[in-house]
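Hi,

Here is the structure I said I would pass on. Have a look at it first, and then read my notes underneath.

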Amino acid sequence: MVKERARILVVGGGYVGMYTALRLQQKLKQDIGRGEAEITVVTPDPYMTYQPFLPEAAAGAISPRHVVVPLRRVLPHCRVVVGEVTAVDHGERTATLTTLATDEEGAGPQRLTYDELVLAPGSVSRTLPVPGLADYGIGFKTVEEAIGLRNHVIEQMDIASSTRDPAIRDAALTFVFVGGGFAGVEALGELEDMARYTTRYYHNVEPEDMKWILVEASDRILPEVGEEMGRYTVSELRRRNIDVRLGTRLESCADRVAVLSDGARFPTRTVVWTAGVKPHPLLAATDLPLTERGRLKCTPELTVEGVTHAWAAGDAAAVPDVTAPEPGTLTAPNAQHAVRQAKVLADNIARSLRGQPLQTYSHKYVGSVASLGLHEGVAHVYGRKLKGYPAWFMHRAYHLSRVPTFNRKARVLAEWTLSGLFKREIVSLGSLEHPRAEFELAAGGRPSPHRKDGPRDDSDNNPKGLS
């Protein structure tokens with residue numbers, strides 16, 4: 001039994017937010033039933049996105065609805081608020097937030113009071129002041145971006161197939177990915193594999209007509225899988241005629257021309273930006289201590305350093321790695337740590353409420369797996385190095401075991417089984433971005449020519465919608 005009534009506010013519905021709330025509602029089930037504890041989750045989206053499956057969703061191997069976990073279903077004993085926390089005053093135990101109804105009400109932001117705070121807003125894409133990036137760049141952090149990118153790639157193939165202008169055709173079939181981490185390499189590998197398969201249904205587009213370019217500023221890609229597997233990945237991508245440029249930066253993508261630091265210029269209609277992440281801007285709008293990199297200073301018990309009743313984990317938190325031989329080492333901001341930290345964080349909150357000693361988060365990084373397309377992958381797990389089909393199979397098996405809820409596991413497994421028995425889907429449903437466009441036109445109006453929430457496309461061929 002908790003010592004006193006506790007109002008727990010969880011900011012963020014990602015890995016840490018969802019898993020923390022899920023475990024808390026189990027640990028405090030009786031207290032919640034007696035009204036002695038309540039859990040509020042504030043999240044911009046009513047679902048948690050399992051990001052390792054985004055590349056496969058973009059390639060059409062998994063339905064986008066099965067990449068996300070509905071929070072209201074898995075958190076029945078929590079109050080889920082779809083909105084954004086814009087500021088936190090921990091000294092006063094209040095959070096300022098806006099919801100979907102804020103503008104409609106006209107009353108301004110709301111203020112929530114709490115007793116225990118869990119800050120897990122995650123991270124956002126780390127962009128650089130590259131000319132043209134804001135206008136033409138495409139991110140790869142959300143399911144909407146993944147499916148929008150799939151639609152975009154297929155529609156560029158449609159443009160190339162129907163145009164008589166060689167310059168337009170060349171730009172449409174040139175795809176530039178910036179960033180050699182998991183997101184960039186896996187997205188490139190899956191989409192190139194999908195596009196190569198799709199060409200068999202075009203009478204005038206061949207796989208060799210397409211240019212796939214990976215730009216990485218450092219001298220290696222996929223550092224998490226080790227140097228040897230990183231070199232293998234480069235050679236495998238190049239074997240598939242993918243142009244891998246190491247030690248190279250994107251200088252500009254203005255006027256639909258990708259200019260690289262090595263002097264190369266590529267007219268292109270597709271620039272995918274996956275060059276890292278940075279802490280969520282919310283952290284700067286709190287009165288909690290931050291590191292030089294803008295993350296929350298945390299203790300090994302996942303409390304925010306120097307304050308009470310504040311907790312953090314995941315991308316937003318700088319958590320000391322007690323297993324590292326060098327003092328001052330922090331745990332890597334990845335899903336493997338985030339999921340395990342959430343468990344310890346929830347247990348420690350329950351222990352704190354009951355006056356029990358806290359646990360220390362300790363987990364040694366066991367390795368990484370990455371997919372490079374159908375039946376291709378690399379892995380470095382428990383010191384063992386795998387490549388090709390075995391690594392690809394391990395990638396699927398590992399992430400199937402980690403995706404939340406039995407419901408999602410069963411649906412993903414069923415889709416993988418069906419995709420192995422039948423042909424790929426090559427349909428683009430880009431018009432989902434503007435579902436009222438046809439009706440507006442029929443009613444005498446004029447549909448908007450450009451997207452409001454994404455990269456500008458003169459022909460509106462980069463829509464953002466679920467297929």
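**Salt bridges, a pocket and a patch**

Arg7 is partly exposed, because its relative accessible area comes to 25%. Before going further, please keep in mind that this is a predicted model.

Arg7 is worth starting from for its partner: its side chain meets that of Asp115 in a salt bridge, at 3.0 Å from N to O. The pair ties together distant parts of the chain, 108 residues apart, with Arg7 in strand E1 (residues 6-11) and Asp115 in the loop between strand E7 (110-113) and strand E8 (116-119). Asp115 has a relative accessibility of 24%, so it counts as partly exposed too.

How many salt bridges does the structure hold? The count is 18. Here are a few others I looked at:

- Glu227 and Arg231 form one, with their closest N and O atoms 3.3 Å apart. The two sit four residues apart in helix H10 (residues 227-239), so about one helical turn separates them. Glu227 counts as exposed, at 52% relative accessibility; the cut-off for that word is over 50%.
- Arg249 and Glu251 meet through their side chains at 3.4 Å, again N to O. Arg249 is at 48% relative accessibility and so counts as partly exposed. Glu251 is partly exposed as well, with a relative accessible area of 36%.
- Asp31, Arg34, Glu36 and Arg354 are joined in a network of salt bridges.

Now to the second largest pocket. Its volume is about 870 Å³, and 36 residues line it. Which of them lie nearest its centre? They are Gly60, Ala61, Glu415, Ser419 and Gly420. As for chemistry, the lining splits into 18 nonpolar, seven polar and eleven charged residues.

Four helices each bring at least two residues to that lining: H3 (54-59), H9 (182-198), H12 (389-402) and H13 (406-421). Which helix gives the most? That is H13, with seven residues.

H13 also turns up on the surface. Leu418, which is found in this helix, joins Leu421 and Phe422 in a nonpolar surface patch, and together the three have about 360 Å² of accessible area. Leu418 has 47% relative accessibility, so it counts as partly exposed.

Back to H9, where Glu190 is placed. Is Glu190 buried or exposed? Glu190 counts as buried, because its relative accessibility is 4% and the cut-off for buried is under 20%. In sequence, Glu190 and Ala58 are 132 residues apart, yet their C-alpha atoms are 7.6 Å from each other in space.

Asp209 and Leu54 make a useful second pair to set beside that one. They are 155 residues apart in sequence and 26 Å apart in space, C-alpha to C-alpha. Asp209 belongs to the loop between H9 and strand E12 (211-216). With 29% relative accessibility, Asp209 counts as partly exposed.

If you open the model for a quick look, I would begin with H13, since that helix gives the most to the lining of the second largest pocket and also holds Leu418. After that, you could go to the bridge between Asp115 and Arg7.

Cheers

Notes: Residues are numbered from 1 along each chain as its sequence is written. This is a predicted model: local features need pLDDT of at least 70, side-chain atom pairs count only at pLDDT 80 or more; totals for chains, interfaces and linings use all residues. Side-chain values use heavy atoms; hydrogens and water are left out. On a 1 Å grid over the protein atoms alone, a cavity is a set of points where a 1.4 Å probe fits but cannot get out, and a pocket is an open set with protein on both sides within 12 Å along at least five of seven lines; lining residues have an atom within 4 Å of a point. Grid points are joined across faces, edges and corners, and a volume is the space filled by probe spheres set on the points. Ala, Val, Leu, Ile, Met, Phe, Trp, Tyr, Cys and Pro count as nonpolar, Asp, Glu, Lys and Arg as charged, and the others, Gly among them, as polar. Patches are made of residues with over 30% relative accessible area and no salt bridge: like charges are joined within 9 Å, nonpolar side chains (Val, Leu, Ile, Met, Phe, Trp, Tyr) within 5 Å. Accessible areas come from the Shrake-Rupley method with a 1.4 Å probe; for residues, only the protein chains shown count as cover. A salt bridge is a side-chain nitrogen of Lys or Arg within 4 Å of a carboxyl oxygen of Asp or Glu. Buried means under 20% relative accessible area, exposed over 50%, partly exposed in between (1.4 Å probe, protein chains only).
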